[in-house]
Amino acid sequence: MSGASSPAVPPVHQDPPGGPRAVAVWGLGVTVYFVAITYRTSLGVAALDASERFDINASALSTFSILQLLVYAGMQIPVGLLVDRLGTKKVLTLGVVLFTAGQFGFAFSESYVAALACRGLLGCGDAMTFISVLRLGSRWFPAKRGPIIAQVAGLIGMAGNLVTTLVLARVLGTFGWTPTFAASALGGVLILVLVLVFLKDHPAGHAPPPAPQPGSGYVRRQIQQAWREPGTRLGMWVHFTTQFPGMVFLLLWGMPFLVEGQGLTRAAAGELLTLVVLSNMCIGLVYGQVIARHHAARAPLALGTVAATAAVWAAVLLWPGHAPAWLLVTLCAVLGACGPASMIGFDFARPANPPQRQGTASGIVNMGGFTASMSTLLAVGVLLDLTGGDFTVAFSCVFVLEALGVWQILRLRPRAHRRERERVVASRVEAVHVPV
């Protein structure tokens, strides 16, 4: 071919430049995720208060978080499709409106049914945040920054959990239910204004290609094509297996376990929950750097986290009587690795799917951990009621889900790695044979 017949590659195919503006715009998106996390985890420090306010047992209490995660998990693929079609700003805006309304409603709920509906609304808005933030990062930063950007997003999100354990728990004890939850919802109003004014989907000159008009089978094709990729399924099972032990502990059952099961004061239990969050933030930075430099470390890090989690949980649950303080500290430090390890799932799905399918693939991956968390929340609540509050029996369900997840990871890992190698070879061949 002649040079005239080979136009220059348009900017859309080039990596975004990154830089300070990218950090500012992406940082605004991550702030939305931060606020959503504070709302999502607010029930974790208010579980005992909610039980008294609504006069409910352990199973009914767990239904709050189960419904929230059920809505969250069920929304992941629709949200992924929406992000692929509409872009980040529109989806994030809708998410902020929904989770803020849910938090306001929860503040003024007097009945169990009303409070349950508000947590479902909150879960719907929360579901729209993380996938949007992942897409925002991929639009504003070079692809090689993907692992560290995802880990930092997760780290900042966990800072929202830190606010919950350090601030919200104390404010709740001082001011009570309605003032605490209503005041926290004001953060959603502020972030909504900032998103509407300042958020941009992509940098100038890096607009995505116009999306094709969807036919009747668009949704089905997007889901099928993403699911056919072994990397997508491997990412989902990595997320499934790694995330839920820490999520369940922080979201609902950590405080009751430490106070009622281990005999700690609320203050001491709150400090241990804070340790989980701090550990998560520190380990997230390490995991992101390691994976960015050594791609082959993804599976060993994920499986190592699962093994460490299972080992420390077994030690705590089998310890006669109350576990010693050093062992509970170890448990909380190890549980902090669950969030960063779950982010590795997206690092398997990202190279397996083209840009126009990233939202859908991320939605499938994100369903994994929240499905496992939802199942565990239900199982723990039911087992506590059946056994009269035996936490050893209740938390033993953690090992069942971890075993299932490890089996799936080991089964899918060779296929996913083979497909990745094929893509790398194909891309190198294509780069060598560019027409001139």
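These legends accompany several close-up views of a predicted model. Local features need pLDDT of at least 70 and side-chain atom pairs count only at pLDDT 80 or more, while totals for chains, interfaces and linings use all residues. Residues are numbered from 1 along each chain as its sequence is written, and side-chain values use heavy atoms, with hydrogens and water left out.

**View 1. Helix α1, residues 20-45, from end to end.** Helices here are DSSP runs (H or I, at least four residues), numbered from the N terminus. The expected span is 1.5 Å times one less than the number of residues, so the 26 residues of α1 should cover 38 Å, and the 36 Å between its end C-alpha atoms agrees with that. Look for the kink of about 25° centred on Tyr39; the bend at a residue is the angle between axes fitted to the seven residues ending there and the seven starting there. Of the 26 residues in α1, 19 are buried (under 20% relative accessible area with a 1.4 Å probe, protein chains only; exposed is over 50% and partly exposed is in between).

**View 2. Helix α1 beside helix α10, residues 230-261.** The two axes come within 6 Å and cross at roughly 30°; they are lines fitted to C-alpha atoms over the stretch in contact, with angles from 0 to 180 degrees between N-to-C directions. That makes α1 roughly parallel to α10, a label for angles under 35 degrees. On the α1 side, Arg40, Thr41, Leu43 and Gly44 take part, meeting Met247, Leu250, Leu251, Leu252 and Met255 of α10; contact means heavy atoms within 4.5 Å. The residues of this contact divide into 6 nonpolar, 2 polar and 1 charged (Ala, Val, Leu, Ile, Met, Phe, Trp, Tyr, Cys and Pro count as nonpolar, Asp, Glu, Lys and Arg as charged, and the others, Gly among them, as polar).

**View 3. Asp55 in the loop between α2 (47-54) and α3 (58-86).** Here is a backbone detail to pause on: phi of Asp55 is near 55°, a positive value in a residue other than glycine. Most residues other than glycine have a negative phi. Asp55 is exposed, at 71% relative accessible area.

**View 4. Phe181 in helix α8, residues 177-198.** Phe181 is buried, with a relative accessible area of 0%. Leaving aside neighbours within four places in sequence, its contacts are Ser42, Ala46, Gln103, Phe106, Ala107 and Leu172. Ser42 is 139 residues away along the chain, yet its C-alpha atom is 8.5 Å from that of Phe181.

**View 5. Leu81 in helix α3.** With 10% relative accessibility, Leu81 counts as buried. Beyond four places in sequence, Leu81 touches Tyr218, Val219, Gln222, Ile223 and Thr360. The C-alpha atoms of Leu81 and Gln222 are 7.9 Å apart, with their positions 141 residues apart along the chain.

**View 6. Ile364 in helix α15, residues 358-387.** Ile364 is buried at 2% relative accessible area. Not counting neighbours within four places in sequence, Ile364 is in contact with Ile77, Ile223, Ala226, Trp227, Thr232 and Met236. For Ala226, the C-alpha separation from Ile364 is 8.2 Å, across 138 residues of chain.

**View 7. Helix α14, residues 338-349, among its surroundings.** Because 11 of its 12 residues are buried, α14 is largely enclosed by the rest of the structure. Among the buried residues you can find Pro340, Met343, Ile344, Phe346, Asp347 and Phe348.

Note on methods: Helix = DSSP H or I, 4+ residues; strand = E, 2+ residues; numbered from the N terminus. Parallel < 35°, antiparallel > 145°, perpendicular 65-115°, else oblique.
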